[in-house]
Amino acid sequence: MKRAVAIAALLLSVTRVGAADLAAGAAKAAACTACHGKDGVSQMAGAPSLAGQPDGFLQWQLVYFRSGTRKDAVMQPMAASLSDDDVRNLAAHFAAQKPPPRGANGNVDPAMLSVGQRIAQANRCASCHKDDYASEKAAARIGGQREDYLLKSLRDFKSGARTGGGVAAMPDAVYRLGDDELRALAHFMAHAP
Ligand code: HEC
Ligand code: HEC
């Protein structure tokens, strides 16, 4: 019940145009850069880049961590003390940063890339994540994200470790796929042109 109220309140705030305070978001983001990188481009294994993620996606993930519906030993305590204004301001700040440059993810394995591309097409990943995998609204930007993090998230959706808002979109997208296919997808998304 508490969660339903929190989410309803957030929904209202998501639709409140112009409410975010970018300067406050930038100040608050100083607490995030140790792991998520300067300007939100991560150099740290296991920590995702936040730069250029859709504002809505970032707000939701922070609310999921704060409410505990998304589990992570590092992020749950980080999010616990954030107010709704902090969530809005931080999300607006990172959404406005320049996304990681494509091709910044190390070496490409052309064979794995084309396998990953085929699996992405067969599973219609672009129907939600858009043709350039930059996504919008509640879906994550996956094009150019760290490969290690992409693989971890796909495995977490498949195992049920990550449920977030309880939306079935991602568990449905990956439940039929084997680990080799998840690895090829992560490689393709990390290097997607
Ligand atoms: C000590 C390291 C650390 C700090 C500091 C930190 N994070 Fe994180 N963050 C992580 C890790 C690790 C993950 C990946 C969690 C997982 O594997 O599910 C993460 C995940 C996230 C995600 C989910 C992104 C996605 O693509 O799924 C968001 C949003 C986020 N952090 C925002 C923040 C914000 C905002 C701050 C500052 C207030 C912050 N983090 C501070 C380590 C950190
Ligand atoms: C029906 C819409 C839909 C389809 C199809 C879909 N996704 Fe997603 N995806 C989402 C949404 C929504 C989220 C955010 C999930 C959440 O909030 O927990 C997401 C999140 C992700 C994430 C987590 C990224 C992060 O930064 O946390 C990855 C990786 C991902 N999708 C990859 C894929 C791949 C690969 C495919 C194709 C096999 C795919 N998605 C198909 C909607 C979709």
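The following paragraphs describe the surroundings of two ligands, each with an iron atom, in a predicted model. Residues are numbered from 1 along each chain as its sequence is written, and chains are lettered from A and ligands numbered from 1 in the order in which they are written. Because the model is predicted, local features need pLDDT of at least 70 and side-chain atom pairs count only at pLDDT 80 or more, whereas totals for chains, interfaces and linings use all residues; side-chain values rest on heavy atoms, with hydrogens and water left out.

The iron atom of ligand 1 has as its protein donors H36, through NE2, and M75, through SD, at 2.0 to 2.2 Å, where donors are N, O and S atoms within 2.8 Å of the metal (3.2 Å for Na, K and Ca) and sites may look incomplete because water is not among the atoms. Six donor atoms surround this iron atom at angles of 87 to 178°, and the site is octahedral, a term applied to six donors if opposite donors are over 155 degrees apart and all others between 65 and 115. The two protein donors come from distant parts of the chain, H36 from helix α3 (residues 33-36) and M75 from helix α5 (residues 75-80), and are 39 residues apart; helices here are DSSP runs of H or I of at least four residues, numbered from the N terminus. H36 is buried, with a relative accessible area of 10%, and M75 likewise counts as buried at 17%, the term meaning under 20% relative accessible area with a 1.4 Å probe and protein chains only.

Around ligand 1 there are 21 residues, of which C32, C35, H36, M75 and Y149 come nearest, a residue being counted if one of its heavy atoms lies within 4 Å of the molecule. Polar contacts, defined as pairs of N or O atoms within 3.5 Å, include an oxygen atom of ligand 1 at 2.7 Å from a side-chain N or O atom of K152 and another pairing in which a polar side-chain atom of R70 lies 2.9 Å from an oxygen atom of the ligand. By class, this shell holds 14 nonpolar, three polar and four charged residues, where Ala, Val, Leu, Ile, Met, Phe, Trp, Tyr, Cys and Pro count as nonpolar, Asp, Glu, Lys and Arg as charged, and the others, Gly among them, as polar. The largest share of the shell around ligand 1, four residues, is supplied by α4, and at least three residues come from each of domain 1 (2-95) and domain 2 (110-191), with bounds taken from an automatic or database domain assignment.

Turning to the second site, the iron atom of ligand 2 is coordinated by H129 (NE2) and M170 (SD) at 2.0 to 2.1 Å, and its arrangement is octahedral because the six donor atoms subtend angles of 88 to 179°. H129 lies in helix α8 and M170 in helix α10, so the pair ties together parts that are 41 residues apart in sequence. H129 is buried, its relative accessible area being 11%.

The shell around ligand 2 comprises 25 residues, with Q61, C125, C128, H129 and M170 coming nearest, and is divided into 17 nonpolar, six polar and two charged residues. An oxygen atom of this ligand lies 2.8 Å from a polar side-chain atom of Q61, while an oxygen atom of ligand 2 is 3.3 Å from a side-chain N or O atom of Y149. Helix α9 gives the most to this shell, with five residues, and domain 1 (2-95) and domain 2 (110-191) each contribute at least three.

Key. Polar contact = N/O pair within 3.5 Å; in protein donor to acceptor, adjacent residues only side chain to side chain. Tetrahedral: all angles 85-135°; square planar, octahedral: opposite > 155°, others 65-115°. Buried < 20%, exposed > 50% of the residue type's maximum accessible area, 1.4 Å probe, protein only.
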